[in-house]
Amino acid sequence: MGRMPWATFLWPGLPLVWRRGDWSALGVALASAAVLQFALLTSLVWPELLPSAVRNALWLAIGGWWIAAAIGSWRREAGSAAIEEATDPGDSFSLAIEHYLRGNWFETESVLKNLLRRNPRDVEAGLMLATLFRHTGRTAEALQELDRLERIDEAARWALEIAMERRWAAEKHAQAAQKPREDINGE
């Protein structure tokens with residue numbers, strides 16, 4: 001996935017927003033912005049709002065929080081980079097392809113879901129999982145996975161493949177819906 005720019009570590013919560021699109025990290029980043037905004041307003045615009053001792057304590061708390069968040073984010077990123085190097089996702093995707101080609105559906109799904117657990121924005125793994133769902137007759141799940149993929153920015157370069165997979169899954173879903181009616185009518 002590549003190295004993250006060092007500047008992202010300077011804002012609390014931003015590394016997780018950048019890397020994973022984590023909503024709770026976005027909340028941390030926005031809360032940090034609100035506290036910083038409040039401190040700036042009480043120091044520069046309305047200094048009479050808070051006593052100087054409280055303002056100074058607020059700035060010390062913000063400084064401590066900022067430094068702790070930057071160090072924590074950097075350490076978390078270094079740890080996850082080491083884990084990613086130890087378990088190369090490329091090898092896992094290759095393993096998923098190998099299982100898929102052998103018809104080992106359960107193993108393929110397990111590897112792909114593990115990849116998506118590590119990186120929910122992995123479009124290739126998501127597309128392969130949708131294809132697996134379609135091949136195993138789980139067309140509703142395939143369409144649901146394709147809906148999720150279309151909401152990811154990185155999926156734009158896979159738009160044609162996603163559209164084709166959606167068409168095939170919809171056709172198979174329609175065929176499966178018509179089959180019981182044909183059996184009931186005796187056809």
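Biologist: What is the relative accessible area of Trp 11?
Modeller: This is a predicted model, in which local features need pLDDT of at least 70, side-chain atom pairs count only at pLDDT 80 or more, and totals for chains, interfaces and linings use all residues. Residues are numbered from 1 along each chain as its sequence is written, while side-chain values use heavy atoms, with hydrogens and water left out. Trp 11 is partly exposed (buried being under 20% relative accessible area, exposed over 50% and partly exposed in between, with a 1.4 Å probe and protein chains only), because its relative accessible area is 29%.

Biologist: How are the rings of Trp 11 and Trp 66 arranged, edge-to-face or stacked?
Modeller: Searching the whole structure gives two aromatic pairs, where rings of Phe, Tyr and Trp (its six-membered ring) pair if their centres lie within 6.5 Å, and planes under 30 degrees apart count as stacked, over 60 as edge-to-face and the rest as tilted. In the pair of Trp 11 and Trp 66 the centres are 4.9 Å apart and the planes stand at 85 degrees, so the arrangement is edge-to-face.

Biologist: How many residues apart in sequence are the parts that Trp 11 and Trp 66 tie together?
Modeller: Helices are DSSP runs (H or I, at least four residues), numbered from the N terminus. Trp 66, which counts as buried at 18% relative accessibility, belongs to helix H3, whereas Trp 11 lies in the segment before helix H1 (14-20), so the parts are apart in sequence by 55 residues.

Biologist: Which residue forms a salt bridge with Arg 148?
Modeller: A salt bridge is a side-chain nitrogen of Lys or Arg within 4 Å of a carboxyl oxygen of Asp or Glu, and the whole structure holds 11 of them. The partner of Arg 148 sits three residues apart from it in helix H7 (residues 139-150), which separates the two by about one helical turn, and this partner is buried at 9% relative accessibility. With the closest N and O atoms 2.7 Å apart, the partner of Arg 148 is Glu 145.

Biologist: Which helix holds Arg 166, the partner of Glu 150?
Modeller: The side chains of Glu 150 and Arg 166 meet in a salt bridge at 3.0 Å, N to O. Glu 150 lies in helix H7, and the pair ties together parts 16 residues apart in sequence, because Arg 166 lies in helix H8.
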